[in-house]
Amino acid sequence: MTTTPDHDHEDGHQAVPSDPALRVKALESLLVAKGLVDRAALDVLIDTYEHKIGPRNGARVVARAWTDPAYKQFLLSNADAAIAELGYGGMQGEHMVVVENTATIHNLVVCTLCSCYPWPVLGLPPVWYKSAPYRSRAVIDPRGVLREFGLELADGVEVRVWDSTAELRYLVLPERPAGTQSMSEGELATLVTRDAMIGVARITASHGDHA
Amino acid sequence: MNGIHDMGGMHGLGPIHEERNEPVFHHPWERRVFALRRAMGAWRRWNIDVSRHEVELVPAADYLRMSYYERQFSAFVVLLEKRGFITPAELESGTPVAGVPVAVPALSPDKAAELIAKGVPTSRDAPVAPRFRPGQRVRARNINPPGHTREPRYVRGKLGIIDRDHGVFVFPDTNAHFLGEKPQHVYSVRFAARELWGADAAPQDGVYVDLWDDHLEPA
């Protein structure tokens, strides 16, 4: 896997000329002129997914499950209701499933056919999740993919890859890291990363979310 | 369809590139594409399966070359034309053709918030009995339809075990072609990695694929 140190609008990882910008603008103007689209509704949609819904939601769910055994059982058996209890749900998370990582089981989520992802708890997916390299290899070489993300699994660990081919949306419940007994639910939530909830990373007590 | 979108198990598509501190959108126009698709979807002149299939119809070479939002935009324009929302002439000129009725009302901000909060559930209460039960051995049917299917190529003909029954859902393979919802049970089916990929795969690993009754046969 390659990484870039930080986002740079000129990095050109997607070669996007001005053409799409102009074409999208023209289409939007046409749809507005026809009365088919209300720009205020577009603003609501954009603002929600750019600023309000993201992996912090999922991190709260995970931290609650780590600190409340009854909630964890509820989450694993009825994810929709348990996640709704924390106020999350809706578009592209209508039907949720939570899968638990343990010392012997590691779960990894992919959508090989498109880019299905649990929006209410993780927000919109990163580019790599939607990319051909990840979608093609996660099912045939999950251990190799995890290695590229810096995660080496012991031979004895069972890897379970979840291909989101239907409208079920999957969230990985990562293992609670050692040495966090004294941390509060709120503190624990700050440790939980997006990548760990997709299943391409583990969580350690020493670092927070960079993604 | 056996398209490029169905890429599970392929090699040669390059390294995974993870971007640190990735923004939600990389260009302002991506925001607009994202929101426009949702706002126009609210007219219910297509469904999520129709919309997905349109992306699959992007020619394979373009599909791989384009970014995610370029593909989405390309398919969206085609869908708008197919469903009669816009004409190529309007797209060319940028102005509505005289005489085209202006539809009202568009998705309002309140309705957009409601859409976000409630989503568009695809489970159905239809009294459809499951054809399989958890623990049962099944074979993924060997089908190669030219249209939409959510049964990926890499499981076709393979043996699996029903892991769990998720209940009754709309069937995308018909819904994507406006041929009805045909509600039926969806299961997570566990395929051993060795069944899918051969002896080099780890013996304990598995891939769980969500499949509908129509994708499966007893084994």
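Modeller: Let's agree on one thing before we start: two residues are in contact if their C-beta atoms, placed from the backbone, lie within 7 Å. This is a predicted model. With that cut-off, among contacts in chain A between residues at least 6 apart in sequence, 68% join residues at least 24 apart.

Colleague: And what share of the contacts in chain B with a separation of 6 or more comes from residues 24 or more positions apart?

Modeller: For chain B that share is 64%.

Colleague: OK, on to burial. Why is A:Gly89 called buried?

Modeller: The cut-off is 20 or more other C-beta atoms within 10 Å. A:Gly89 has 22 of them, so it counts as buried. You'll find A:Gly89 in the loop between helix H5 (79-85) and strand E2 of chain A.

Colleague: Which residues does A:Gly89 touch, leaving out those up to four places away in sequence?

Modeller: Those are A:Asp80, A:Ile83, A:Ala84 and A:Pro120. There's also A:Val121, 32 residues away along the chain, whose C-alpha atom is 7.6 Å from that of A:Gly89.

Colleague: What makes you say that E2(A) is largely enclosed by the rest of the structure?

Modeller: Count the buried ones: five of the six residues in E2(A) (residues 95-100) are buried, so the strand is largely enclosed. For chain A as a whole, 51% of its 211 residues count as buried, while in chain B the share is 40% of 219.

Colleague: How do you know that E2(A) and E5(A) pair?

Modeller: Pairing needs at least two bridges. E2(A) and E5(A) (residues 168-173) have six, in the parallel sense, so they pass. One place to look is A:Val97, which stands opposite A:Tyr170 in E5(A).

Colleague: How do you know that a strand of chain A pairs with E5(B)?

Modeller: Same test: at least two bridges are needed, and E4(A) (residues 158-163) has four with E5(B), again parallel, so the two strands count as paired across the chains. On your screen, A:Trp162 stands opposite B:Tyr208 in E5(B).

Colleague: What is the strand order in the open sheet of seven strands?

Modeller: The order is E3(A)-E4(A)-E5(B)-E4(B)-E3(B)-E2(B)-E6(B), with mixed pairing. From one strand to the next the twist averages 35 degrees.

Colleague: Why are E3(A) and E6(B) called edge strands?

Modeller: Each of them pairs on one side only. For E3(A) (105-110), six bridges join it to E4(A), and the two run parallel; A:Ile105, for instance, has A:Glu158 as its bridge partner in E4(A).

Colleague: Now the two chains together. How many residues does each chain bring to the contact?

Modeller: Chain B brings 81 residues and chain A 75. On the chain B side, H1(B) gives the most, with 10 residues. By class, that side of chain B has 47 nonpolar, 18 polar and 16 charged residues.

Colleague: What makes up the largest nonpolar core?

Modeller: There are 113 residues in it, and A:Leu45, A:Val62, A:Val161, A:Val192, B:Ala39 and B:Val189 have the most contacts inside it. Helix H1 (residues 28-41) of chain B supplies the largest share, seven residues. If you want a single spot to zoom in on, A:Leu45 touches B:Ala35, B:Arg38, B:Ala39 and B:Ala112, not counting residues up to four places away in sequence.

Colleague: Why is the crossing of H1(B) and H4(B) called left-handed or right-handed, and which one is it?

Modeller: The near helix has to be turned anticlockwise from the far one by less than a right angle to be called left-handed. H1(B) passes H4(B) in a left-handed crossing, and the packing angle is about 35 degrees with the axes 10 Å apart. On the H1(B) side the contact is made by B:Glu30, B:Val33, B:Arg37 and B:Met40, and on the H4(B) side by B:Tyr69, B:Gln72, B:Phe73, B:Phe76 and B:Leu80. Sorted by class, they are six nonpolar, one polar and two charged.

Colleague: Last one: which residues of H2(B) are buried, and what do they pack against?

Modeller: The buried residues are B:Asp49, B:His53, B:Glu54, B:Val55 and B:Glu56. They pack against H4 and helix H7 (172-175) of chain B.

Definitions and conventions
Residues numbered from 1 in each chain as written. Chains lettered and ligands numbered in written order. Predicted model: local features only at pLDDT ≥ 70, side-chain atom pairs only at ≥ 80, totals over all residues. Core = buried A, V, L, I, M, F, W, Y, C linked by C-beta atoms within 7 Å. Buried ≥ 20, exposed ≤ 12 C-beta atoms within 10 Å, placed from the backbone. Nonpolar A, V, L, I, M, F, W, Y, C, P; charged D, E, K, R; others polar. Axes fitted to C-alpha atoms, helices over the stretch in contact; angles between N-to-C directions.
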